[in-house]
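Subject: Structure handover

Hi,

Here is the structure I promised to pass on. Please open it first, then read the notes below.

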Amino acid sequence: MAYEKLDGQGMANLHSNADRMNWYKKDNKFSVDFGGHSTTMTVNNNDVLVAYDSATSNGVGEKNASVNYTKAELAKEYGQYKDTLDQLIATGTMYAQQRDGAGSTSSASSDSASVS
């Protein structure tokens, strides 16, 4: 939910890019990348801190930036998409594991990753 809020391009865009998304989870940190710079979401109690590379004039992210969202804010705005987001995260996790090899320890719990 935090990634979609930051991205702001809509669910159709996420669907069309699902096969290029790589989701990873470690403890309370979730990250997603498309083979380049990653966006990291850190879940702490009722907040989600999103760290990302902000866009530059040439479109390539080079500067570090962050934004904080509350779980309540995200659930209110994107709660109706929870099942869809969980499926996208599962797909992105599967692709990440395939790319990293079958022995990858990366995984994303859909309940936690979507900040339900």
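Start with Y81. Y81 is partly exposed, because its relative accessibility is 32%. Keep in mind throughout that this is a predicted model.

Y81 has an aromatic partner, Y78. The ring centres lie 6.5 Å apart, with 45 degrees between the planes, and the pair is tilted. Y78 is buried, because its relative accessible area is 9%.

Confidence

The chain averages a pLDDT of 80. Of the residues, 79% score at least 70. Helix 3 has the highest confidence in the chain, at a mean of 96. The lowest is in helix 5 (residues 110-113), at a mean of 44. Over residues 103-112, pLDDT stays under 50. The model still has 19 contacts beyond four places in sequence for that stretch. Where pLDDT is low, predicted coordinates should not be read in detail.

Aromatic pairs

How many aromatic pairs does a search of the whole structure find? The search finds three. Y3 and F34 form a tilted pair, because their planes meet at 40 degrees; the ring centres are 6.4 Å apart. This pair links distant parts of the chain. Y3 sits in helix 1, while F34 sits in the loop between strand 2 and strand 3. They are 31 residues apart.

Is Y3 buried or exposed? Y3 counts as buried, because its relative accessibility is 12%. F34 is partly exposed, at 31% relative accessibility. W23 joins Y3 and F34 in one aromatic cluster.

Core

The largest nonpolar core has 20 residues. Which of them have the most contacts inside it? They are A2, L14, W23, M41 and V48. Several elements each supply at least two residues of this core. Among them are helix 1 (2-7), helix 2 (11-16) and helix 3 (71-78). Strand 2 (29-33), strand 3 (38-44) and strand 4 (47-54) are also included. Helix 4 gives the most, with three residues.

L14 is worth a click. Neighbours within four places in sequence aside, L14 is in contact with Y3, E4, D7, M21, L85 and L88.

Strands

Strand 2 is mostly covered, with four of its five residues buried. Strand 1 (residues 22-26) and strand 2 run antiparallel and are joined by five bridges. Strand 2 also pairs with strand 3, again in the antiparallel sense, over five bridges.

Where does V32 fit in? On one side, W23 stands opposite V32 in strand 2. V32 in turn stands opposite T39 in strand 3.

Both hairpins have a residue with positive phi. The hairpin of strand 1 and strand 2 has two residues between the strands, and D27 takes a positive phi near 55 degrees there. The hairpin of strand 2 and strand 3 has four residues between the strands. There, G35 takes a positive phi near 95 degrees.

Salt bridges

Side chains of opposite charge can pair when their charged atoms come close. The count here is three salt bridges.

The side chains of K5 and E73 meet in one of these, at 3.8 Å from N to O. K5 is in helix 1 and E73 in helix 3, 68 residues apart. K5 also forms a salt bridge with E77, with the closest N and O atoms 2.8 Å apart. K5 lies in helix 1 and E77 in helix 3, so this pair ties together parts that are 72 residues apart in sequence. K5, E73 and E77 are thus linked in a network of salt bridges.

How exposed are these residues? K5 is partly exposed, with a relative accessible area of 24%. E73 is partly exposed too, with 32%. E77 counts as partly exposed at 35% relative accessibility.

K82 and D86 form a salt bridge as well, their closest N and O atoms being 2.6 Å apart. Both residues lie in helix 4, four residues apart, about one turn of the helix. D86 is buried, because its relative accessible area is 10%, and buried means under 20%.

Best wishes

Technical notes. Residues are numbered from 1 along each chain as its sequence is written. Side-chain values use heavy atoms; hydrogens and water are left out. A nonpolar core is a set of buried Ala, Val, Leu, Ile, Met, Phe, Trp, Tyr and Cys residues joined through side-chain atoms within 4.5 Å. Buried means under 20% relative accessible area, exposed over 50%, partly exposed in between (1.4 Å probe, protein chains only). Contact means heavy atoms within 4.5 Å. pLDDT is the predictor's confidence in each residue, from 0 to 100. Rings of Phe, Tyr and Trp (its six-membered ring) pair if their centres lie within 6.5 Å; planes under 30 degrees apart count as stacked, over 60 as edge-to-face and the rest as tilted. Two strands pair if DSSP finds at least two bridges between them. A salt bridge is a side-chain nitrogen of Lys or Arg within 4 Å of a carboxyl oxygen of Asp or Glu.
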